[in-house]
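Hi everyone, thanks for coming. Today I'd like to walk you through one protein chain, and please stop me whenever something is unclear.

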Amino acid sequence: MVRKTLLSLLTVGFISFSFAQQANPFLAPERVNPRINVAVQIAKDLKAKNYNRIAVVYMETSDLCALFAGALVASLKTLGVDAYYIKGGEGLEERLMRANPSYIYMAYFGDRPHEEVQNQFNADLRRVLTYAPNMTVILQPSLVALGFLSGVYSDERLAREVEGKKMLSYIVEQGKVFPVVVEFKDLEVRVERQKEQPKKPQRKR
């Protein structure tokens with residue numbers, strides 16, 4: 001009886017240890033909560049801009065990007081916006097074709113190594129532009145903040161495809177999100193903060 005009890009305790013202890021060892025450090029609350037807050041703010045801004053039928057494409061090797069994409073899709077749906085959760089990588093064009101979006105949001109970075117992010121972002125941006133060259137593309141704030149947009153120019157074909165294009169993105173300052181316009185022109189990335197539209201005064205009844 002004692003032997004069976006000891007064996008049971010060792011089994012439970014081993015399972016608990018294995019689970020702890022497998023826990024994903026990228027999904028810790030201190031990493032996840034700020035991203036959820038940003039996703040909610042971006043969803044509100046896209047709703048205010050009357051964007052609808054948005055495909056949220058996440059970097060296929062990043063759990064954090066997948067989580068962010070899920071939070072953004074859920075927030076958009078809560079606001080009454082059609083949104084689709086779509087994995088990046090091989091076959092992206094076919095997945096976009098099935099969803100038939102009007103806008104595409106690219107959620108990339110997720111604390112992955114710089115080279116990995118750049119390679120996947122460049123490859124999937126090419127796929128997006130192949131699927132719909134003139135569609136409005138919305139970019140994750142980290143792509144702007146961490147210089148991944150300049151890395152687009154390391155790919156000659158992609159550099160030609162983005163020339164003259166403008167995309168929507170965001171910057172995050174002290175937890176607050178602000179929209180910016182990103183323009184690819186003359187092998188440079190220009191980022192301009194959008195001016196807030198003045199609120200119309202309400203008429204007194």
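Let me start with a question: what covers the buried residues of helix H4? Have a look while I say that this is a predicted model. Here is what I found: the cover includes strand S1 (54-58), strand S2 (83-87), strand S3 (103-107) and helix H5 (114-131).

So who is being covered? H4 spans residues 92-99, and its buried residues are Leu-92, Arg-95, Leu-96 and Ala-99. If you look down the axis of H4, those residues fall within an arc of 100°, so they line one face of the helix. Turn to the face pointing away from that buried side, and you meet the exposed residues Met-97 and Arg-98.

Now step just past the end of H4. Asn-100 sits in the loop between H4 and S3, and its phi is positive, near 55°, even though the residue is not a glycine. Why point that out? Most residues other than glycine have a negative phi. Asn-100 counts as partly exposed because its relative accessible area is 47%.

There is another residue of this kind. Arg-53, in the loop between helix H2 (29-48) and S1, also has a positive phi of about 55° without being a glycine. With a relative accessible area of 26%, Arg-53 is partly exposed.

Let's carry on to S3. It runs parallel to strand S4 (residues 136-139), and 4 bridges join the two. To find your way along the pair, look for Tyr-105, which stands opposite Ile-138 in S4. How does the chain get from S3 to S4? It passes through H5, making a right-handed β-α-β crossover.

Next, helix H3. This helix has 16 residues, and from its first C-alpha to its last it reaches 22 Å, close to the 22 Å expected at 1.5 Å a residue. Many names turn up on its buried list, including Leu-64, Phe-68, Leu-72, Val-73 and Leu-76. After H3 comes Gly-80, with a positive phi near 90°.

I'd like to pick out one residue of H3, which covers residues 63-78: Ser-75. Is Ser-75 buried or exposed? Its relative accessibility is 14%, so Ser-75 counts as buried. Leaving aside residues up to four places away in sequence, Ser-75 touches Ala-39, Val-40 and Ala-43.

For contrast, let's visit Lys-166, in strand S5 (residues 166-173). Lys-166 is exposed, since its relative accessible area is 58%. Which residues does Lys-166 touch, not counting those up to four places away in sequence? They are Val-181, Val-182 and Glu-183. There is also a distance to notice here: Lys-166 and Thr-136 are 30 residues apart along the chain, and their C-alpha atoms are separated by 8.1 Å.

Finally, let's zoom out. The chain has 7 helices and 7 strands, and reading along the sequence gives α-α-β-α-β-α-β-α-β-α-α-β-β-β. Of its 205 residues, 42% count as buried. Among contacts with a separation of 6 or more, 70% come from residues 24 or more positions apart. The chain exposes about 12500 Å², and carbon and sulfur atoms supply 53% of that.

That's my tour, and I'm happy to take questions.

Definitions and conventions: Residues numbered from 1 in each chain as written. Predicted model: local features only at pLDDT ≥ 70, side-chain atom pairs only at ≥ 80, totals over all residues. Heavy atoms only, no water. Buried < 20%, exposed > 50% of the residue type's maximum accessible area, 1.4 Å probe, protein only. Arc of directions from axis to C-beta. Contact = heavy atoms within 4.5 Å. Pairing = 2+ DSSP bridges. Right-handed = clockwise from strand over helix to strand, strands pointing away. Expected span 1.5 Å × (residues − 1). Areas by Shrake-Rupley, 256 points an atom, 1.4 Å probe, with all protein chains shown as cover.
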